[in-house]
Amino acid sequence: MSVLRNTLTQSTWTLGSRALGFLRDVVILAKLGAGPVADAFFTALMFPNLFRRVFAEGAFAQAFVPAYSRTLEAEGPEAAEQLAQETLRGLFAVTALLVILAQMAMPWIMLLLHGGYRNDPVHFPLAILLTQITMPYMSFMALAALLSGVLNSGGRFAMSAAAPTLLNLCLLGAAFIGSDNYEVAKSLAFAVSVAGLLQVILLWYGVSRQKIRLRLGLPKLTPGVKRVAALAVPGTIAASGMQINIMVSQALASFETGAKTWLYSADRLYQLPLGLVGVAVGLAILPRLSRAARSDDQTQSQSVMDNGVGLAMALTMPAAAALMAAPFLFVDGFFTRGDFTSVDAQQTARALFHFGWGVPAFVLIKVLAPGFFAREDTKTPMNYSLISVAVNTVLGASLFFFLKSQGMAGFPGLAVATSTAAWVNAGLLFLGLLGRGWYKPGTRLVQRLASVLVASAALAGLLWYLAGMSTTIAGYTLDSKFLAALLIAAAGAAAYGIFALLFGAIRPSELKPARKS
C-alpha cells in the first residue's frame, strides 16, 4: 500500500467530513453569532473537539497500532484480538470514570476554561450545563479510537475516516431545533453525545466485519494492557500538545467577549489542511514505519519519512500561503451571514493570519511523531509536547495581557503563541529524530521543499492580487461573496497545481499509485 494511496483514502473521507463541518459551522455561527451564548457553546464543544483530535485523529491510534500490529504478527490474530478487547475494557472504564468526575467538578473546571465569565449569572452556568451534556463524547471517542486502530492495522482506513461525518450531520440537524439561541445551543450539545454513540456503533460494525469479536466487560490489568498503557498514555499526551495549547488560548480568550468565537472560526479554517494532510499522512506512514523499525530497515524508514514529509509540505505550504495572503477574503466569504457580521470576520481574519504561518508546523508534528511512535518511544514526543505547552502558556498570556494593557485586542497574541509553540514542537521532534539517527532528510527532499516554497510564494502573490479584485469578481458571481471566495480558492488550487509541477514540488510519477488504486 503506498503512502499516497492511504493518504488519499483518509483525505477523501476527511474532505467530505470537513465539507459537512464547514456547512455545520456556517449554520451554527449564523444561529449563535459571536457573543456570550456562542462563547459558552464553543467552550462546551472544545471538549469533543479535543478528544476527537486526540483520540480519533491518530494520537491514541499512533500509540496503539504499533503494539497491536506487533502482537498480530508475532502471536497471531487471536492474541491481537485478546489485546484489543482487554485494552477496550480498560480504556472504557478509565474514560467513563473521568467523565463522571468531570461532571461533578465542572463548576471548578469552568473557572479555568471560562473564567472571564465567572461573574456572569446567566452565561457561566450555561457553559457548565452545555459542557456536562457533551462530556460523554469523551468515552465514545476513546472507544472509537481503539476500533479505528484495529481497522487501520488491517489496512482499512475508509470507515474510520468516514465516522466523523456523523458528528457533523447530527450538529447540522440540531442547529435547527430551538426557538432562540439558548435552546439551539442546548440542542447542539445533546447532538454531540448522540453523534459519539453513533460513531462507536458504526466502527464496531466495521470491526465485526473483519471477523474480530470485541465485547465490553470488567477491566483487567493484564501485561498486554500495561504495555499498551505505557505507550498510549505518553503518546496521547504527546499528540495532545497542540490541543492543550488551543484550550489554554480559549481559557485566556474568555476574558475578551467574542474572542472565543473568533478563535474558533479561525480554527475551523486552519484545521482543514491539518485534517486533510497531517493526520492522513501520519496515519498512512505509521504502519510502514512500524514494519521498517521491526526489521531494522533504515533505508525503508528513511524513504517513508521523506515521502511523508515531502507530500505533507507540498500539500500544506500552499494552504498556509492562502491563509496568510487572503485571510479576510475567506472568512468573510464563508462565514459572514446571520448574526456573524463582517466585523466578526475582520477579527477572525486577524487570528487566522497568525495561525496560517503555524500550519506547516502543525502538520509536521503529525508526520514526524510517528518516527518515534513506530519505535514504541512515546515519552520523548510527550516531553517535547509539554515544552510546547509551556511556551504557549507563557507567551500567550504575556502577549494577551500586554496587548490589552495597550488598549488593543489581546486575542491575536494567542494565535501568535499557538503557532510559535507548534514550531518549537516540530523543531524538537526533527532534532530528536536526527540526533538518534532515526531520520536524516535526503537531498531530493531538501530540493523538493525548496520547490514547494517557491511554488507557494507564487500562489500567495496570486491570491493577494485576486483578493484585491474580490469585489469585481463578486460581480460575476451574482454579487455573492461566498461564490467569489470559492472561485478564487479554485483558481488558486489550479494555479498551485501548475506551479507545483513547474517548480517540481509535486512529481507526476507520484500520481501513478493513486490512479492504480
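1. A residue counts as buried here when its relative accessible area is under 20%. By that cut-off, buried residues make up 58% of the 517 residues in this protein. Please keep in mind while reading that this is a predicted model.

2. Now the overall make-up. The protein has 23 helices and zero strands. Among contacts with a separation of 6 or more, 83% are between residues 24 or more positions apart. The points below go through some of the helices, their packing and a few individual residues.

3. Let me start with α4 and α5. Helix α4 covers residues 77-113 and helix α5 covers residues 123-134; their axes are 9 Å apart and the packing angle is about 135°. The two helices are therefore oblique to each other, and their crossing is right-handed. On the α4 side the contact is made by Gln103, Met106, Pro107, Met110 and Leu111, while α5 brings Phe124, Ala127, Ile128, Thr131 and Gln132. If you look at the numbering on each side, one general point may help: an α-helix has 3.6 residues a turn, so residues three or four places apart point the same way.

4. Phe47 is worth a look straight after that pair. Phe47 is found in helix α2, residues 36-56, and counts as buried at 9% relative accessibility. Once its neighbours within four places in sequence are left aside, Phe47 is in contact with Ile109, Met110, Leu113, Thr131, Met135 and Met247. Two of these also appear in the α4 and α5 contact: Met110 on α4 and Thr131 on α5. Along the chain, Phe47 and Gln243 are 196 residues apart, yet their C-alpha atoms are separated by 9.8 Å.

5. A second helix pair is α6 (residues 137-153) with α9 (residues 181-209). Their axes are 9 Å apart and they pack at an angle of about 20°, which makes α6 roughly parallel to α9. Here the crossing is left-handed. From α6, the residues that meet α9 include Tyr137, Phe140, Met141, Leu143, Ala144 and Leu147. Their partners in α9 include Val192, Ser193, Ala195, Gly196, Leu197 and Trp204.

6. The third pair is α18 and α19. The axes of α18 and helix α19 (residues 411-436) come within 8 Å and cross at roughly 155°. These two helices are therefore roughly antiparallel to each other. The crossing of α18 past α19 is right-handed.

7. On to the aromatic rings. The structure holds twelve aromatic pairs. One of them joins Phe372 and Tyr384 in an edge-to-face arrangement, 6.3 Å centre to centre with 80° between the planes. Phe372 lies in helix α17 (residues 370-373) and Tyr384 in helix α18 (residues 379-405), so this pair ties together parts that are twelve residues apart in sequence. Both partners are covered: Phe372 is buried with a relative accessible area of 0%, and Tyr384 counts as buried at 14%.

8. Two further ring features deserve a mention. Ring pairs link Phe41, Phe42 and Tyr264 into a cluster. Elsewhere, the charged end of Arg436 sits over the ring of Trp438, 5.7 Å from the ring centre.

9. Two short helices stand out for burial. In helix α14 (residues 327-335), eight of the nine residues are buried, among them Phe330, Phe334 and Phe335, along with Asp332. In helix α16 (residues 359-368), ten of the ten residues are buried, so this helix is largely enclosed by the rest of the structure. The buried residues of α16 include Phe362, Leu364 and Ile365, and also Lys366. You may like to look at Asp332 and Lys366 on the model, as they are charged residues in those buried lists.

10. Finally, Ala325. This residue has its place in helix α13, residues 298-325. Is Ala325 buried or exposed? At 19% relative accessibility, Ala325 counts as buried, since the cut-off is under 20%. Leaving aside neighbours within four places in sequence, Ala325 is in contact with Ala460, Leu463 and Trp464. The C-alpha atoms of Ala325 and Phe353 are separated by 7.9 Å, with their positions 28 residues apart along the chain.

Terms used. Residues numbered from 1 in each chain as written. Predicted model: local features only at pLDDT ≥ 70, side-chain atom pairs only at ≥ 80, totals over all residues. Heavy atoms only, no water. Phe/Tyr/Trp six-rings, centres within 6.5 Å; stacked < 30°, edge-to-face > 60°. Helix = DSSP H or I, 4+ residues; strand = E, 2+ residues; numbered from the N terminus. Buried < 20%, exposed > 50% of the residue type's maximum accessible area, 1.4 Å probe, protein only. Lys NZ or Arg CZ within 6 Å of the ring centre and 35° of its normal. Axes fitted to C-alpha atoms, helices over the stretch in contact; angles between N-to-C directions. Parallel < 35°, antiparallel > 145°, perpendicular 65-115°, else oblique. Left-handed = near helix turned anticlockwise from the far one by under 90°. Contact = heavy atoms within 4.5 Å.
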